[in-house]
Amino acid sequence: MIGPDDEMLLISNGLLVDDDAAVAALEEPSVLAFPADLAVPLGFERIDLGLAWSGILLAPGKLTSDLQHLPGDVDAVSSLLRIALQHGVPPVLLDRKLLAKGDWQLAPDADALAVREKRWIDAQRERISFRAPGMAVAERAGARLARDIVGRKTEIAPTLLAVACAIAAMFAAWFELPGYGLVLTTAVALFRHLAVVVQRISAAGTGKDHSTHLQAILDYGLDPLFIILLGLSAYGALGWMSFFIPLVLFGLLRLGERYANERWRRTYTDRVGLGVLLSVTAFFHLAAEVAAVLALIVLASRFFNGARAS
């Protein structure tokens with residue numbers, strides 16, 4: 001099936017590689033190799049005194065014709081490796097750190113696969129600093145949750161929990177229980193971010209976008225839910241003016257999300273941390289006052305950032 005004008009990519013059975021390193025090293029026909037002192041004890045095949053075959057090579061297709069001269073029961077993989085070397089396909093040395101870090105493994109066991117999976121999932125996690133404490137915690141929790149549910153029917157569970165909490169928060173608003181509603185809305189923000197992390201990791205593994213219409217509804221509905229509940233928490237004292245403070249606060253936060261620098265943008269986006277603060281103060285009947293102070297802080301931060309930019 002392999003013609004003389006083809007190229008042959010040969011991958012040893014059970015090999016788990018670092019994709020980027022492999023592609024970068026295979027620009028030309030070559031036999032990828034590691035230092036023998038490190039690779040041979042791990043089960044890689046020695047090809048000379050100082051090198052061991054990494055388990056992957058790229059060679060001209062015409063070399064496969066040499067298999068016709070060998071007995072039918074030979075190991076085809078090992079034979080093609082020797083044929084490639086005999087015809088001058090050059091070895092290319094890979095970074096030994098790929099082996100040391102477990103990024104290149106031959107027939108890994110379950111424990112090695114679990115370690116690699118954890119490392120890969122952690123690599124998909126955004127490095128959010130604790131300037132946005134709620135999102136930082138949610139990002140780490142989402143990455144941990146993804147290890148258990150990605151690829152399963154329960155993958156949509158965080159989104160469904162966020163929707164359930166949003167419905168419960170609306171009932172809390174209807175029955176004039178804004179404190180409990182703010183707690184539920186904070187849970188919406190948390191589960192919403194968990195769902196985002198799980199979907200991001202799932203998409204990275206499959207190449208497909210797993211976002212849903214429910215996720216979009218949550219994105220658009222979260223801030224209005226906060227505004228309604230904050231307004232209700234002070235409605236008895238301020239009347240309709242109680243909705244003015246949360247409108248200003250979340251409007252300023254939206255502006256901060258759009259125009260702040262990368263270092264602080266997540267701080268303006270953090271609805272989990274904000275929700276925790278507002279929920280606690282709501283039970284002390286101070287949510288409106290705290291929201292007003294936060295609005296002033298956000299306004300001052302945007303003013304001084306704008307002055308520095310000018």
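This is a short dialogue on reading strands, burial and charge in the structure above.

Me: What kind of model is this, and how are residues numbered?
Reply: This is a predicted model: local features need pLDDT of at least 70, side-chain atom pairs count only at pLDDT 80 or more, and totals for chains, interfaces and linings use all residues. Residues are numbered from 1 along each chain as its sequence is written, and side-chain values use heavy atoms, with hydrogens and water left out.

Me: Which strands pair with strand 4?
Reply: Two strands pair if DSSP finds at least two bridges between them. Strands (E, at least two residues) and helices (H or I, at least four) are DSSP runs, numbered from the N terminus. Here, strand 1 pairs with strand 4 (residues 51-60) in the antiparallel sense, over 5 bridges. Strand 3 also runs antiparallel to strand 4, joined by 5 bridges.

Me: Which residues are partners in strand 4?
Reply: Leucine 10 has leucine 57 as its bridge partner. Serine 30 stands opposite leucine 58.

Me: Why is strand 4 called largely enclosed?
Reply: Buried means under 20% relative accessible area, exposed means over 50%, and partly exposed lies in between (1.4 Å probe, protein chains only). In strand 4, 9 of the 10 residues are buried, so the rest of the structure largely encloses it.

Me: Which side chains of strand 1 are buried?
Reply: Look at residues 7-11, where the side chains alternate. Met8 and Leu10 point to one face and are buried. Glu7, Leu9 and Ile11 point to the other face and are not buried.

Me: Which residues form the negative surface patch?
Reply: Asp and Glu count as negative, Lys and Arg as positive; His and the chain ends are not counted. Patch residues have over 30% relative accessible area and no salt bridge, and like charges are joined within 9 Å. A salt bridge is a side-chain nitrogen of Lys or Arg within 4 Å of a carboxyl oxygen of Asp or Glu. Here the patch consists of Asp5, Asp6, Glu7, Glu27 and Glu28.

Me: Where is glutamate 27, and why does it count as exposed?
Reply: Glutamate 27 sits in the loop between helix 1 (19-25) and strand 3 (30-35). Glutamate 27 counts as exposed because its relative accessibility is 67%.

Me: Is methionine 170 exposed or partly exposed?
Reply: Methionine 170 lies in helix 7 (residues 157-174). Its relative accessible area is 48%, so methionine 170 is partly exposed.

Notes:
Patches are made of residues with over 30% relative accessible area and no salt bridge: like charges are joined within 9 Å, nonpolar side chains (Val, Leu, Ile, Met, Phe, Trp, Tyr) within 5 Å. Accessible areas come from the Shrake-Rupley method with a 1.4 Å probe; for residues, only the protein chains shown count as cover. The place of a charge is taken as NZ of Lys, CZ of Arg, CG of Asp or CD of Glu.
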